[in-house]
Amino acid sequence: MHKDVLEVLVSQEEIQEKIKELGGRLTEDYKDKFPLVVGILKGSLPFMGDLIQQIDSHLEYDMMDVSSYGHGFKTSGEVKIVKDLNTSVAGRDVLIIEDIIDSGNTLDYLVKLFHYRKANSVKIVTLLDKPDGRQVDISPDYTGFVVPDKFVIGYGLDYIERYRNLPYIGVLKPEVYEK
Ligand code: 5GP
Ligand code: MG
Ligand code: MG
């Protein structure tokens, strides 16, 4: 375990097991479609990379960079498109891949945006869900794990751009924030 990590919430094995399960469900649910899988940078990168390999049907993927978080761990509620998709969502079955839903502001914005752009369907796949943080009424269609209202890092999730490369989800030691 990394020296800055206080506690592991979801282990590498649990993540990979869950991804197989989600991949199986998505394979079944999208077998007659050609979904456009949209990964939200940067946090969803490891999850999306592993998940698409477990979806056994034709798909296309693209990535979008949005931010609602500043540097650190307080949400601003404001969503900004940092990098838009290269692909048109019109008529497509869109599967949004997120690392975590907290306030729900980011996904609420994206779901509305893709509907406005005339997607045929929009579904949400999130590795983690923090329902206690919710500020808007939105719930994911596919969830990996429900986590408590704590700031988590690892497997794509950062604290000031660090820890994204950890293969598990953990909580940092308080002294890391106090430094
Ligand atoms: P929301 O818009 O739902 O409040 O937040 C979504 C984004 O905030 C996530 O995609 C993620 O980038 C960031 N975020 C929310 N909770 C956490 C957390 O516990 N840890 C980290 N590292 N990022 C978080
Ligand atoms: Mg994210
Ligand atoms: Mg972040």
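These legends accompany close-up views of a predicted model.

**Figure 1. Overall fold of the predicted chain.**
Four kinds of summary value set the scene for the close-ups. The chain has 4 helices and 9 strands. From the N terminus on, their order is β-α-β-α-β-β-β-α-β-β-β-β-α. The radius of gyration is 16 Å, close to the 16 Å that the globule rule gives for 179 residues, so the chain is as compact as a globular protein of that length. Along the principal axes, the C-alpha atoms fill a box of roughly 50 × 35 × 25 Å. Buried residues make up 32% of the 179. Among contacts between residues at least 6 apart in sequence, 67% join residues at least 24 apart.

**Figure 2. The largest nonpolar core, with 39 residues.**
Val 38, Leu 51, Val 94, Leu 95, Ile 96 and Ile 97 touch the most other members. Helix 1 (12-29), helix 2 (45-52) and helix 3 (105-116) each supply at least two residues, as do strand 2 (36-41), strand 5 (93-101), strand 6 (121-129), strand 8 (152-153) and strand 9 (169-172). Strand 5 gives the most, with 6 residues.

**Figure 3. Strand 5 and its parallel partners, strand 2 and strand 6.**
Of the 9 residues of strand 5, 8 are buried, so this strand is largely enclosed by the rest of the structure. Strand 2 pairs with strand 5 in the parallel sense over 4 bridges. Strand 6 also runs parallel to strand 5, and 8 bridges join the two. Strands of a sheet pair through backbone hydrogen bonds, either parallel or antiparallel.

**Figure 4. Close-up of Val 94 in strand 5.**
Val 94 is the bridge partner of Leu 36. Val 94 also stands opposite Val 122 in strand 6. Leaving aside neighbours within four places in sequence, Val 94 is in contact with Leu 36, Val 38, Val 89, Phe 114, Ala 119, Ser 121 and Val 122. Val 94 is among the residues that touch the most other members of the largest nonpolar core.

**Figure 5. Buried face-to-neighbour packing of helix 2.**
Pro 46, Phe 47, Met 48 and Leu 51 are buried in helix 2. The buried residues of this helix pack against helix 1, strand 2, strand 5 and strand 6. Leu 51 is also one of the core members with the most contacts to other members.

**Figure 6. A cis peptide bond between Leu 41 and Lys 42.**
Omega of this bond is about -10°. Lys 42 lies in the loop between strand 2 and helix 2.

**Figure 7. Surroundings of ligand 1.**
The shell holds 19 residues. The closest are Asp 102, Ser 103, Asn 105, Thr 106 and Leu 157. Strand 3 (60-69), strand 5, helix 3 and strand 8 each give two or more residues to the shell. Strand 5 has the largest share, 4 residues. By type, the shell divides into 8 nonpolar, 7 polar and 4 charged residues.

**Figure 8. An open sheet of 3 antiparallel strands.**
The strand order is 1-9-8. Strand 1 (5-10) and strand 8 are the edge strands, and each pairs on one side only. Strand 8 meets strand 9 in the antiparallel sense over 2 bridges. Here, Val 152 stands opposite Val 171 in strand 9.

**Figure 9. Gly 144 in strand 7.**
Strand 7 spans residues 142-146. Gly 144 has 25 other C-beta atoms within 10 Å, and therefore counts as buried; the cut-off is 20 or more. Leaving aside neighbours within four places in sequence, Gly 144 is in contact with Lys 18, Leu 22, Thr 126, Leu 127 and Leu 128. Gly 144 and Thr 126 are 18 residues apart in sequence, yet 6.3 Å apart in space, C-alpha to C-alpha.

**Figure 10. Positive phi at Lys 118 and Tyr 163.**
Neither residue is a glycine. Phi of Lys 118 is near 70°, and phi of Tyr 163 is near 75°. Lys 118 sits in the loop between helix 3 and strand 6. Tyr 163 lies in the loop between strand 8 and strand 9. Lys 118 is exposed, with 11 other C-beta atoms within 10 Å. Tyr 163 counts as buried, with 21 C-beta neighbours inside 10 Å.

Methods:
Residues are numbered from 1 along each chain as its sequence is written. Chains are lettered from A and ligands numbered from 1 in the order in which they are written. This is a predicted model: local features need pLDDT of at least 70, side-chain atom pairs count only at pLDDT 80 or more; totals for chains, interfaces and linings use all residues. A nonpolar core is a set of buried Ala, Val, Leu, Ile, Met, Phe, Trp, Tyr and Cys residues joined through C-beta atoms within 7 Å. A residue is buried if 20 or more other C-beta atoms lie within 10 Å of its own, exposed if 12 or fewer, and partly exposed in between; C-beta atoms are placed from the backbone. Two residues are in contact if their C-beta atoms, placed from the backbone, lie within 7 Å. A residue is near a molecule or strand if its C-beta atom, placed from the backbone, lies within 6 Å of it. Ala, Val, Leu, Ile, Met, Phe, Trp, Tyr, Cys and Pro count as nonpolar, Asp, Glu, Lys and Arg as charged, and the others, Gly among them, as polar. Two strands pair if DSSP finds at least two bridges between them. The radius of gyration is taken over C-alpha atoms; the globule rule is 2.2 Å times the number of residues to the power 0.38.
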